[in-house]
Amino acid sequence: MTHATASTIELPTSVRTQMYRDGAFVDAEGSATFENLSPATGRVLNHVAAASESDVDAAVESARRAFDAGLWSKISPAERKAVLLKFADLIEANAAELALIDSIDAGKPITDCEELDIPDVVLTIRWYAEAIDKVFGKVSPTGSDNLGLIVREPSGVVGIVVPWNFPSNTLSWKIGPALAAGNSIVVKPAELSPLSALRYAELATEAGIPAGVFNVVPGLGHVAGKALGLHNDVDVITFTGSTEVGRMFLRYAADSNLKQVALEMGGKSPQIVFADMESQLDEVAEDLAGAAFWNGGQNCSAGSRILVHNSVKSAFVTLMAEKAAARKVGDPLDRETEIGPLIEASARERVLRYIDDARSAGAVVHGGAAILEETGGFFVSPAVVDSVGKDSAVVRDEIFGPVVAIVGFDTEEEAISLANDTEYGLAANVWTHDIDVALRVARAVRAGTVAVNGFSEGDISTPFGGFGISGFGGHDKGLEAFDQYTELKTIWVTIR
């Protein structure tokens, strides 16, 4: 189902487009900017500061100065906790504005932003604020002549590079533990959705986070992102995005100060449906349609590869086609919209190429067309693909669009083999009533998060990260996230 896009889209008047450094908005060097387009109309929303290498240097210097001065890093955990709780309160108070910014800037359905994304940000910041005074060091077992203390200290200056698909959620997963641990941060938002990060930095200052602790350098990846990755005074880089760019950050670290790098990258997540779900196949199809098409399939853990027992596969394919047809595609500001536009024209072209290849093989069951072209936006109808081999591109590649490929299997062993037949290992899902099968398969599938009987990435208390080329070096969420942003120190005391 489709519907047209609104002819006028207006950002909140509070939106700022300069860089944020040392607690204030400043122009980029030479007042340089880049065009920020609306995914829903293809038109220019505004012009955003394009940070240069010198601008990144200045932001890192600001962060380092604040860190060394102890303005944030050396205050008591209770003080940091109070400020972060106030920060969460301010985000909650400005939730409608932040939801609108992300909906317009990234083309995300407004209801997703209001009901899922921004509440998740508030929860995340509060959770890490509360965790500050609940992460303890250790005392090692020694003889009476020694005392061994194992403590965690903030890493220093943290470079944070976030993706365009979840500009608020992903940012909060990183700034929450990074700030709670006492670090100073320099955020490089995605050039395709740069606006909300600037507003979060402004709210952080209003909450009491000292100037210089939270800096934002919008700009182009090959300039600002590269400069941050190569900077010798950045202690940690945390990145969420494509595997291709993740490799670049590893090279930047190797070519500079061997900074710690934490990567969360792509995925081609298997969703495994066993025959005993036959009586609930409609419920399963509804859940997996959400897993595949949520955020237009622009999600690294999207359930874009469904493995279904052959005894129920035909019925399941029919149901998935019905679920795809029922999804409303259109104006992200329409509260009935379930799927907004893809992020940019090149993304739409890439997705359509995959679909056209599958269509030429007679494998497209439903959808997969450019739609609402009169709006100027980048819309694609959700596609269901069947009857393609396990080695086809639509089954193996991360498409990052509303495309789901369905593959059949006959045995549990075959399902596990198909699930693990990928370079990726971010997430998976298993549907079965048999607890033994569920546990065997969940343990056998190589993925960072395996859900059972419902698509999920867990909650804020559970770590999120991947195997293989889906990432390494740390996890977002959970207390485990502190590992990315702290250094482990041993203090060995000789008692005389």
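**View 1. Strand S12 with its two parallel partners.** In this predicted model, strand S12 (residues 270-273) pairs in the parallel sense with strand S13 (residues 305-309), and four bridges join the two. Look for isoleucine 272: its bridge partner in S13 is leucine 307. Getting from S12 to S13 takes the chain through helix H9 (residues 281-293), and the three elements make a right-handed β-α-β unit. S12 also has strand S19 (residues 427-431) as a parallel partner, this time over three bridges. Here valine 273 is the residue to find, standing opposite tryptophan 431 in S19. Neither face of S12 is left open: Pro270 and Ile272 are buried on one side, and Gln271 and Val273 are buried on the other.

**View 2. Strand S8, covered on both faces.** How many of the five residues of strand S8 (residues 184-188) are buried? Five of the five are, so the strand is largely enclosed by the rest of the structure. Ser184, Val186 and Lys188 make up one buried side, while Ile185 and Val187 make up the other, also buried. Yes, that list includes a lysine: Lys188 is among the buried residues of S8.

**View 3. The neighbours of S8 and the helices that link them.** Strand S7 (residues 157-161) runs parallel to S8, with five bridges between the pair. One of the matches to pick out is valine 161 with its bridge partner in S8, lysine 188. Helix H5 (residues 169-180) joins S7 and S8 in a right-handed β-α-β unit. S8 pairs with strand S9 (residues 214-216) as well, again in the parallel sense, over three bridges. Valine 187 is the residue that stands opposite valine 216 in S9. From S8 the chain crosses to S9 by way of helix H6 (residues 195-207), and this β-α-β crossover is right-handed too.

**View 4. Tyrosine 20 in strand S1.** Tyrosine 20 sits in strand S1 (residues 19-21). Is tyrosine 20 buried or exposed? With a relative accessibility of 3%, tyrosine 20 counts as buried. Leaving out residues up to four places away in sequence, tyrosine 20 touches Phe25, Leu198, Ala201, Glu202, Thr205, Phe214, Asn215 and Val216. Several of these will look familiar from the previous view: helix H6 covers residues 195-207, and strand S9 covers residues 214-216. For another landmark, go to alanine 49, which is 29 residues from tyrosine 20 in sequence and 9.8 Å away in space, C-alpha to C-alpha.

**View 5. Glutamate 264, annotated as an active site.** The "active site" label at Glu264 comes from an unreviewed UniProt entry. In the model, glutamate 264 belongs to strand S11 (residues 260-264). A relative accessibility of 4% puts glutamate 264 in the buried class. Which residues are in contact with glutamate 264, once neighbours within four places in sequence are set aside? They are Phe239, Thr240, Gly241, Cys300, Leu426, Phe464, Ser470 and Asp476. The same UniProt entry type, unreviewed, also places "domain: Aldehyde dehydrogenase" at residues 25-491. Over that stretch the chain is 40% helix and 19% strand, and its end C-alpha atoms are 41 Å apart.

**View 6. Where domain 1 meets domain 2.** The protein is divided into domain 1 (19-265 + 470-490) and domain 2 (270-452). Their centres, taken over C-alpha atoms, are separated by 31 Å. Domain 1 brings 27 residues to the contact and domain 2 brings 26 residues. About 2100 Å² is buried between the two domains, with 60% of that area coming from carbon and sulfur atoms. If you want to label just a few residues on the domain 1 side, try Pro39, Trp164 and Ser470: they supply 24% of the area that domain 1 buries against domain 2, more than any other three residues. Ser470 also turned up in the previous view, among the contacts of glutamate 264.

**View 7. Two residues with positive phi that are not glycines.** Asparagine 453 has a phi near 60°, a positive value in a residue other than glycine. Asparagine 453 is in the loop between strand S20 (449-452) and strand S21 (471-472). Lysine 477 also has a positive phi, about 70°, without being a glycine. Its loop lies between S21 and helix H15 (482-485). The surroundings are worth a look: asparagine 453 is partly exposed at 34% relative accessibility, whereas lysine 477 is buried, with a relative accessible area of 3%.

Note on methods
Residues are numbered from 1 along each chain as its sequence is written. This is a predicted model: local features need pLDDT of at least 70, side-chain atom pairs count only at pLDDT 80 or more; totals for chains, interfaces and linings use all residues. Side-chain values use heavy atoms; hydrogens and water are left out. Buried means under 20% relative accessible area, exposed over 50%, partly exposed in between (1.4 Å probe, protein chains only). Two strands pair if DSSP finds at least two bridges between them. A crossover is right-handed if, with the strands pointing away from the viewer, the path from the first strand over the helix to the second runs clockwise. UniProt positions are given in the numbering used here, feature names are shortened, and annotations may be inferred rather than shown by experiment. Domain bounds come from an automatic or database domain assignment. Contact means heavy atoms within 4.5 Å. Buried area is the accessible area (1.4 Å probe) that two parts lose on being put together, summed over both.
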